[in-house]
Amino acid sequence: MRPRFHPRLINGPFDDPGLYIPFLFQHRAIIFDLGDIICLSAKNLLKISHAFVTHTHMDHFIGFDRLLRTLLGREKTLALFGPEGFIKNVEGKLAGYAWNLVGNFNYPLNLEITEVNSQSTVYRRYRCRDRFIPANKSVEQPFNGILYEEPGFTVTAAILDHGIPCLGLAIKEHFHVNILKDGLIKLGLEPGPWLADFKQALYSRSDPETKFELRSGPGEKARHFPLGELAAKIARITPGQKIAYITDVAYNQSNAERIVALAEGSDHLFIEAAFMNTHEDIAAEKKHLTAGQAGMLAAMAGAKQFSVFHFSPRYMGEEQRLREEARRAYERHRSEARRQMAYDPSS
Ligand SMILES: [Zn+2]
Ligand SMILES: [Zn+2]
């Protein structure tokens, strides 16, 4: 199976945190955190449709300017999500520049900002053409953990404690569509851009009787199939992929419970490991996790794979020690969880 999401940490573990998630076969990506993003090319920045910011400490938000600079003058809508106070933070950034000439741009850039509070989300739109003056009054909606949803996937968030509210983030594909090569060959079909439309029709749960039109190649005659029949011949549906991202959180019971619930069953959990367990007191004071705590949380969430990042510079040259501590904690807690599952007093 070729996964749909291809997440990668933007920087090394001692540099600003952030996760770039391009989508397979689509000129599209989402990003978790906007710290230093200098190493993302303009081509990669232009793919971003949705940016999710955990909190607005500089190392997670300074890249907003670079992203905005790259998108300015483009026909594009960028949706941004962040924690309590986010709208004020974005407006503060926008207020830091002069916008008197942007009305001349041929292509409009729109920003859609959503701020997540404990019970509700607040949404506002801004148009470059209007010098980023808010285009609407704030729209408030109840917050039920879902930040963003479209037919193929959902992005959820948990509000965590970092001295200020900080979002834990997860993206979950609703299901995965695997294309069967043999099926394509039997029908005499060539892979091509039509496959993205085909998958989209499945994600949208279109009626199986819908006639699906495809052209196998440029200049080829259009062929029509009932969607359900085509799906039965060329596709296999498997569980969707889940990626979770946790950074800048204090270790306490409430955070631990929310992290485990958010990241449960993730295929890949990216989780900060700022300090070693020996510096647990400093971690607590700075409201960050230790590597041991990160590994334990990854195990408790049942993450199939996990990566640690956002190391304190005090461990420069010793990153292997942090990774080792996290790995050992993960394995210890995984085997404990397995032992508990094997022991079922009701049987
Ligand atoms: Zn940070
Ligand atoms: Zn922080």
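This briefing walks through the sheets, cores, helices and largest pocket of the structure above. It is a predicted model, in which local features need pLDDT of at least 70, side-chain atom pairs count only at pLDDT 80 or more, and totals for chains, interfaces and linings use all residues. Residues are numbered from 1 along each chain as its sequence is written, and side-chain values use heavy atoms, with hydrogens and water left out. Two open sheets are good places to start: one has eight strands, and another has six.

**The eight-strand sheet**
- The strand order is β1-β2-β3-β4-β5-β6-β7-β8, with mixed pairing; strands are DSSP runs of E with at least two residues, helices are runs of H or I with at least four, and both are numbered from the N terminus.
- Two strands count as paired if DSSP finds at least two bridges between them.
- β1 (8-9) and β8 (139-142) are the edge strands, each pairing on one side only.
- Eight bridges link β5 (residues 76-83) and β6 (residues 109-116) in the parallel sense, and Leu-78 has Leu-111 in β6 as its bridge partner.
- Helix α3 (residues 64-71) packs on this sheet, where it touches β4 (48-52), β5 and β6, and its direction makes about 165 degrees with that of β5.
- Such angles run from 0 to 180 degrees between N-to-C directions, using axes fitted to C-alpha atoms, for helices over the stretch in contact.
- Helix α4 (residues 86-94) lies across β5, β6 and β7 (120-127), at about 145 degrees to β6.

**The six-strand sheet**
- Here the order is β9-β10-β11-β16-β17-β18, and the pairing is mixed.
- β9 (146-150) and β18 stand at the edges with a single partner strand each, so one side of each has no neighbour in the sheet.
- Strand β11 (residues 165-173) runs antiparallel to β16, joined by four bridges; Ala-170 has Ala-244 as its bridge partner in β16.
- α8 packs on the sheet, touching β10, β11, β16 and β17, and its direction makes about 170 degrees with that of β10.

**Nonpolar cores**
- A nonpolar core is a set of buried Ala, Val, Leu, Ile, Met, Phe, Trp, Tyr and Cys residues joined through side-chain atoms within 4.5 Å; buried means under 20% relative accessible area, with a 1.4 Å probe and protein chains only.
- The largest core has 34 residues, of which Ile-246, Leu-269, Ile-271, Leu-297, Phe-306 and Val-308 touch the most other members.
- Among the elements that each supply at least two residues of this core are β10 (153-161), β16 (242-246), α8 (253-263) and α11 (319-342).
- Apart from it lies another core, of 31 residues, including Ile-37 and Phe-64.

**Helix α6 and the largest pocket**
- The largest pocket has a volume of about 620 Å³.
- Among the 21 lining residues, Leu-24, Phe-25, Ile-179, Leu-195 and Lys-199 are the closest to the pocket centre.
- α6 gives the largest share of the lining, five residues.
- Seven of the 10 residues of α6 are buried, so this helix is largely enclosed by the rest of the structure; Leu-195 and Lys-199 are among the buried ones.
- Just after α6, Arg-205 takes a positive phi of about 55 degrees.

**A buried loop residue**
- Thr-290 is found in the loop between α9 and α10, and with 0% relative accessibility it counts as buried.

Definitions and conventions: Chains are lettered from A and ligands numbered from 1 in the order in which they are written. Buried means under 20% relative accessible area, exposed over 50%, partly exposed in between (1.4 Å probe, protein chains only). Contact means heavy atoms within 4.5 Å. On a 1 Å grid over the protein atoms alone, a cavity is a set of points where a 1.4 Å probe fits but cannot get out, and a pocket is an open set with protein on both sides within 12 Å along at least five of seven lines; lining residues have an atom within 4 Å of a point. Grid points are joined across faces, edges and corners, and a volume is the space filled by probe spheres set on the points.
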